[in-house]
Amino acid sequence: MRVPYIVLDTDHLHAVVEYVSRFGAFAFDTETTPPYRAVPALNTVTWISLATYGMAVVIPMGHEKGDKVIGSRKEPYLTPTGLTRHRTVYEWEPAPPQLRPSQVFEALEPLMFSDRLKICRNAPFDLGSIAKYYDGRPPAKPYFDTFLNSVLQDENRLNGLKHRVKSIYGHIYDKEDVGKKVETHCFSTVARYAYLDAKYTWLLWKRERDACAAEGLSGVLALEHDVIDTVLEMILNGAPVDGDVLADLGVQLDERLVHYEAEIYRLVGRQFNLNSSKQKAEVFYTPKKDGGLGLKPAALTKGGKKKWAKGEELTVHDFSTDADALKPHSDHPVIKLMLDYQRDQKLKGTYVTGILGDPEQDKPCLIVNGRIHGSFKQVGARTGRWSSAEPNLQNIPSRGEEGKKIRAAYRAEPGYKLVVADYGQIELVVLAHFIGQGALFDGFHKGIDPHTMTAALVFGVSVEDVTKEMRSVAKGLNFAIVYGAGPRTVAEMAGVRLDEAKKHMATHRKMFPEVYAYKAYVIEEARATPDCHTRTILGRKRRLPDLRSRDEEKRAAAERQIFNAKIQGSATGDLIKLAMVRLIALLPDEAELIMTVHDELVVHTPEEHVPLVEAALREAMLGDGIQRLVRVPLTSDQSVVDRWSDAK
DNA sequence: CAATAGAGCGCT
DNA sequence: AAAGCGCTCTATTG
């Protein structure tokens with residue numbers, strides 16, 4: 001039977017293209033298969049669906065599984081425990097003959113490279129995935145991303161297509177998560193699913209395209225749409241990594257881990273799982289007379305705190321074994337070894353095995369052709385910050401001897417350099433900008449480091465007489481402002497006693513009254529709006545209904561969050577994104593933007609273009625078009641390095 | 001057996 | 001009473 005919405009031949013395909021080309025906008029969606037299904041640079045597109053006024057179709061291009069089972073057999077397999085079991089394997093009829101990707105993408109080229117509006121949900125994924133069929137060129141602008149549009153309207157809800165469709169139309173159309181593994185589902189199921197994805201993307205565009213404008217969010221939406229180009233740059237380029245460096249480090253870490261493990265077992269007198277916080281707590285906190293080390297617990301776990309608040313009985317398992325809790329006992333030989341073990345285990349598991357993969361654990365290697373194609377999510381954080389995953393390139397170690405060795409594996413290819421640029425104190429700059437006066441503001445205008453400035457006022461000395469210790473306290477105090485930290489955190493950070501921290505915080509409040517007044521103002525202003533929101537420098541909204549919670553703890557948390565969101569969202573949400581959009585326009589073709597780490601940008605470039613790239617970064621990050629938004633001078637640090645670890 | 005929660009930890 | 005993330009490992013739950 002011919003299903004009119006499934007395109008299986010060239011006549012139908014050309015009729016579809018002809019129809020779509022009558023209009024100025026269309027939606028499309030892709031379904032992809034392994035290897036690297038979730039990586040646009042590497043995956044294979046096996047379905048593309050299109051929707052426009054009065055029409056939606058789906059085009060399969062190599063889906064194998066048909067609709068009917070035509071046989072079955074029993075197949076033996078080994079369980080992880082080494083037992084042989086049998087499972088039933090079904091044989092499916094083949095799917096109907098389909099068009100080849102080359103035919104489909106050739107026919108779609110006039111649409112994809114026209115000035116028609118391309119509407120997607122998660123545009124970077126779809127645009128990036130089909131770029132490989134056009135010599136690496138993503139479809140041409142303009143784009144509209146209904147996911148960005150949804151998130152900007154409400155960052156607190158679930159914004160996946162399924163969730164929005166269910167909430168708006170009451171239609172639940174994907175109970176099985178078909179898109180997660182299309183090749184395992186039968187032909188008709190995927191056809192229907194892919195068709196509905198495009199159709200609903202189209203309908204949501206029609207329904208909600210103007211919703212952002214109604215909330216004063218057009219500017220941010222336009223910025224986020226421009227940012228799509230920068231996402232495509234990063235995810236398609238990938239970050240160059242030397243897998244051999246990681247492999248060597250892995251061997252070294254393994255040797256040490258084996259040593260720590262043996263020593264700990266010997267000293268404790270028995271074996272236990274060193275990765276289990278439950279077992280560690282038993283060993284460390286059980287009294288000596290009962291066979292434990294009898295250490296005095298320093299802190300509770302999150303769950304332990306809850307139990308304590310409810311007045312429930314605590315067990316050893318409610319006491320934390322994290323590094324902070326163990327530190328006071330670091331003179332104990334077992335704890336000393338344990339801290340080393342925990343550190344190296346983290347590095348090995350997350351940053352060596354996690355990247356190189358492990359066939360035994362069925363983990364893939366993330367380095368392909370010398371590059372890691374992570375996924376960057378432009379609205380990954382509710383503040384508007386970027387997030388990064390698979391792998392997370394924003395938490396590659398930077399401190400410590402071993403950590404630096406890991407970061408050293410991220411390096412320029414031969415004949416190339418990394419140009420690394422980061423904003424100086426961007427969050428405090430933004431804070432001073434918003435306040436528009438006071439010591440911090442004046443200090444920035446005089447080119448004085450904000451922590452030094454704070455120290456001078458809090459300790460009553462001149463800027464020249466600020467010591468390292470004073471600056472460290474001041475750093476903690478500034479940290480406390482932006483994050484809403486309390487005296488305990490400040491004391492911990494600055495390495496001073498609790499009463500001293502309290503005293504310094506009181507002095508800070510006296511010397512920087514405008515900071516506290518501003519903070520209170522932001523919170524009250526937000527609380528007075530119907531949806532309890534504040535706005536960032538470019539107008540992005542952060543809504544925190546808990547500002548009106550009767551629960552004091554929740555309310556206080558919301559107050560910290562909303563103030564932090566205004567600062568964090570402006571600095572590492574809005575400004576870095578604007579700088580990235582500006583940068584893309586200025587970079588020479590041969591240079592590649594490969595990463596952003598909140599206030600830092602990393603560009604990979606042929607050596608001969610280094611001066612050009614440095615100038616482009618300066619102009620993008622500090623030039624008039626961005627500086628005029630901020631009443632405080634912006635600054636940046638730039639390094640030209642071979643290895644990422646060498647950037648200052 | 002797979003999915004989820006909790007602890008813990010890497011980064012800005 | 002420390003903001004925002006994502007990943008790994010264990011232990012528990014369905």
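**Figure 1. The lining of the largest cavity.** Welcome to this predicted model, which we enter through a space enclosed by Val-151, Leu-152, Glu-155, Val-379, Ala-381, Arg-382, Thr-383, Gly-384, Arg-540, Lys-541 and Arg-543, the residues lining the largest cavity. Two elements, α4 (146-153) and β15 (541-543), each give two or more residues to this lining. The space inside the largest cavity comes to about 70 Å³. Sorted by class, its lining holds 4 nonpolar, 2 polar and 5 charged residues. Domain 1 (10-63 + 98-237) and domain 4 (427-571) each contribute at least three residues to the lining of the largest cavity.

**Figure 2. The second largest cavity.** How many cavities of 30 Å³ or more does a search of the whole structure find? The search finds 2, and this view turns to the second largest, with about 30 Å³ of space. Around it you can find Ala-239, Pro-240, Tyr-410, Arg-411, Leu-418, Ile-594, Met-595 and Val-602. At least two lining residues come from β8 (239-240), and at least two from β16 (592-596). The lining of the second largest cavity divides into 7 nonpolar residues, 1 charged residue and no polar ones.

**Figure 3. The surroundings of DNA strand B.** Here 24 residues lie around DNA strand B, and those that come nearest are Thr-321, Asp-322, Lys-346, Asn-395 and Asp-599. Which parts of the strand lie within 4 Å of the protein? Sugar or phosphate accounts for 82% of these strand atoms, and bases for the rest. Both α11 (302-309) and α13 (333-356) supply at least two residues of the surface near DNA strand B, and the largest share, 3 residues, belongs to α13. By class, this surface has 11 polar, 7 charged and 6 nonpolar residues.

**Figure 4. Three contacts with DNA strand B.** Begin with Asn-395, where an N or O atom of the side chain sits 2.7 Å from a base nitrogen of DNA strand B. Move next to Arg-399, which has a backbone N or O atom 3.2 Å from a phosphate oxygen of DNA strand B. Finish at Asp-599, with a polar side-chain atom 2.8 Å from a sugar or linking oxygen of DNA strand B.

**Figure 5. The surroundings of DNA strand C.** DNA strand C is surrounded by 35 residues, and the closest of them are Ser-276, Ser-388, Glu-390, Gly-486 and Arg-560. Of the atoms of DNA strand C that come within 4 Å of the protein, 74% are accounted for by sugar and phosphate. To follow the surface near DNA strand C, look for α10 (277-285), α13, β12 (387-389), α18 (468-483), α19 (487-494) and α22 (552-586), each supplying at least two of its residues. Which element gives the most to this surface? That is α13, with 5 residues. The surface near DNA strand C is made up of 21 polar, 9 charged and 5 nonpolar residues.

**Figure 6. Three side-chain contacts with DNA strand C.** Two of the side chains in this view reach a phosphate oxygen of DNA strand C: Gln-279 has a polar side-chain atom 3.1 Å from one, and Arg-560 has a polar side-chain atom 2.8 Å from one. In Gln-568, a polar side-chain atom lies 3.2 Å from a sugar or linking oxygen of DNA strand C.

Terms used:
Residues numbered from 1 in each chain as written. Chains lettered and ligands numbered in written order. Predicted model: local features only at pLDDT ≥ 70, side-chain atom pairs only at ≥ 80, totals over all residues. Heavy atoms only, no water. Near = heavy atom within 4 Å. Polar contact = N/O pair within 3.5 Å; in protein donor to acceptor, adjacent residues only side chain to side chain. Helix = DSSP H or I, 4+ residues; strand = E, 2+ residues; numbered from the N terminus. Nonpolar A, V, L, I, M, F, W, Y, C, P; charged D, E, K, R; others polar. 1 Å grid on protein atoms, 1.4 Å probe; cavity = no way out; pocket = protein on both sides within 12 Å on 5 of 7 lines; lining within 4 Å. Points joined across faces, edges and corners; volume = space filled by probe spheres on them. Domains from an automatic or database assignment.
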